[in-house]
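Here are my notes on the model you sent over. Have a look at the structure first, then go through the points in whatever order suits you.

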Amino acid sequence: MNKKTYVLVSAWEKTYGGNDGNGGIHVFEFQPDGSLVKTDRVSPELAIGYLASSPDGRHIYGINETKMFSNTSMFGGSVLSYELDPATGKLRFLNTEPTVGVFPCFLTITQDGSHLIATNYGSVDTLVHSVRAGDGSYSLQRSFDEGSVVVLPVKEDGSVAKVSSLTVHTKTSVDPKRQISVHPHSVNVDPKDEFAMVCDRGGDRIYAYRINKAENKLELAGSFDTKPGTGPRHLCFHPDRDLFYVVSELLPYIASYRFDRATGVIEELNMISVEPEKYQPRDYNNFGACTHPADVHITADGKFVYSSNRGHNSISCFAVEESGALRYLYSMSTQGITPRSFAISPDGKYMIVTNQDTSTVFTWALREDGCLVPTGSVAYVDQPVCVKFVEVCE
């Protein structure tokens, strides 16, 4: 059967709380030389964030990353499902279901395609309310928007069902500005389809959940508290070993971990900087000018891990040591500003990087030694958020 490779790029405007257009999903057919040919664009009115695809590539899922729907009375984010036409690269909308939370920021699918798992990032919006103490006195308290992890089963036709399980996080951490509330930022399923690991940027904690497919829910197996103030953001699993790698957002670090499948216990192997030695940001007091990693991926052979680094505007490469720990190799410019997301092609020969603030999507050739080489291919998408390769048979 003839197999095609498509590249999906999602986008949203930087507007707080609403869907204000210029977003959606852009579809490109991936060419043998690494270039992209556009085939479709759907849901431009929505703030589409992270993407997932069924194992056969025929169904696509996207997060509507919002708190309020503009000009409507609806609120909260949602998951949207689409059917991908293998021959034309066109998407057909199937349905949408709420994530029962605000600003859902990440979406993944189990290895067998039976369940979607999403994280509701929450926000720092507050509700101030009065509380009466036991002695009859009154005071004011504030509460923040909830941050949670939800499970949504996938129906036989590829559409998404309603939320079947919701787990609320409560732990916060030390940063007085960015960790005053919980922020589950990503969820990833391990290659054996047993665990879902959640990085909570607001709580400096990595949660290990067992996936209970029979009951359509997650069960907490263990957790690990990272270095205070680091803000764990995204994670990738080693393809063959019980290892995973996490980039932090609030401090420029990447860390390696080992986990025990029997107990759920997580052990840190090492934590190192994503920056070149002696690098100094333009302004330590300006968060945007400092390095704050965004995304992380590993090659299919498990030899190299990469991080995208906003602020420094680079991709950093790390070698995976025999122990599973990481060793810094190099950083190189992404030829743009704010590299929010990147993806490695199914054959391992290319990497595509999205630069959010310069609206560019670059293709790089990926050599066997881990080095990236420019191909000269660039596509343009306003405010790209997530990029994903999808292979599908015609």
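The points below go through a sheet, some ring pairs, a surface patch and a set of salt bridges.

1. Before anything else: this is a predicted model. Please read every distance, angle and accessibility below with that in mind.

2. Let's start with the sheet. Four strands form an open sheet in the order 26-27-28-29, and the pairing is antiparallel. Strand 26 (339–344) and strand 29 (372–380) are the edge strands; each has a single partner strand, so one side of each has no neighbour in the sheet. On average, neighbouring strands here are turned by 20° against each other, direction ignored.

3. Inside that sheet, strand 27 (residues 350–355) runs antiparallel to strand 28 (residues 360–366), and six bridges connect the two. If you want a register check, use Tyr350: the residue opposite Tyr350 in strand 28 is Ala365.

4. Now the rings. The model contains 13 aromatic pairs. A pair of rings is described by how far apart the centres are and by the angle of the planes. Take Phe224 and Tyr257: the centres are 5.4 Å apart and the planes stand at 70°, so this pair is edge-to-face. Phe224 belongs to strand 17 (residues 217–225) and Tyr257 to strand 20 (residues 253–259), so to speak a link between distant parts of the chain, 33 residues apart.

5. Are these two rings buried or exposed? Phe224 has a relative accessible area of 19% and is buried, though the cut-off is under 20%. Tyr257, at 1% relative accessibility, is buried too.

6. Tyr257 has another ring partner, Phe244. What kind of pair do Phe244 and Tyr257 make? Their centres are 5.1 Å apart with the planes at 20°, so the pair is stacked. Phe244 sits in strand 19 (residues 243–248) and Tyr257 in strand 20, and this pair also links distant parts of the chain, 13 residues apart. Both Phe244 and Tyr257 are buried.

7. Which residues make up the aromatic cluster that holds Phe224, Phe244 and Tyr257? The full set is Phe195, Phe224, Phe237, Phe244, Tyr257 and Phe259, and they form one cluster. I'd colour these six residues together when you look at the model.

8. On the surface, Val100, Leu166 and Val168 make a nonpolar patch of about 220 Å². Leu166 is in strand 13 (residues 165–168), and with 33% relative accessibility Leu166 counts as partly exposed.

9. Next, the charges. Side chains of opposite charge can pair when their charged atoms come close. The salt-bridge count for this model is 19. One of them joins Arg261 to Glu194, with the closest N and O atoms 2.7 Å apart. Arg261 is in the loop between strand 20 and strand 21 (266–273), while Glu194 is in the loop between strand 14 (184–189) and strand 15 (195–200); the pair links distant parts of the chain, 67 residues apart. Arg261 is buried at 16% relative accessible area, whereas Glu194 is partly exposed at 36%.

10. Arg261 also forms a salt bridge with Asp242, and here the closest N and O atoms are 2.9 Å apart. Asp242 lies in the loop between strand 18 (232–237) and strand 19, and Arg261 in the loop between strand 20 and strand 21, so the pair ties together parts that are 19 residues apart in sequence. Asp242 is partly exposed, with a relative accessible area of 25%.

11. A further salt bridge brings together the side chains of Arg258 and Glu267 (2.9 Å, N to O). Both ends are partly exposed: Arg258 has 32% relative accessibility and Glu267 has 41%. As for shared partners, Asp190, Glu194, Asp242 and Arg261 are joined into one network of salt bridges.

12. Last one: Lys213. This residue is placed in the loop between strand 16 (205–212) and strand 17, and at 27% relative accessibility Lys213 counts as partly exposed. How far is Lys213 from Glu194, in sequence and in space? The two are 19 residues apart in sequence and 9.4 Å apart in space, C-alpha to C-alpha.

Note on methods
Residues are numbered from 1 along each chain as its sequence is written. This is a predicted model: local features need pLDDT of at least 70, side-chain atom pairs count only at pLDDT 80 or more; totals for chains, interfaces and linings use all residues. Side-chain values use heavy atoms; hydrogens and water are left out. Two strands pair if DSSP finds at least two bridges between them. Axes are lines fitted to C-alpha atoms, for helices over the stretch in contact, and angles run from 0 to 180 degrees between N-to-C directions. Rings of Phe, Tyr and Trp (its six-membered ring) pair if their centres lie within 6.5 Å; planes under 30 degrees apart count as stacked, over 60 as edge-to-face and the rest as tilted. Buried means under 20% relative accessible area, exposed over 50%, partly exposed in between (1.4 Å probe, protein chains only). Patches are made of residues with over 30% relative accessible area and no salt bridge: like charges are joined within 9 Å, nonpolar side chains (Val, Leu, Ile, Met, Phe, Trp, Tyr) within 5 Å. Accessible areas come from the Shrake-Rupley method with a 1.4 Å probe; for residues, only the protein chains shown count as cover. A salt bridge is a side-chain nitrogen of Lys or Arg within 4 Å of a carboxyl oxygen of Asp or Glu.
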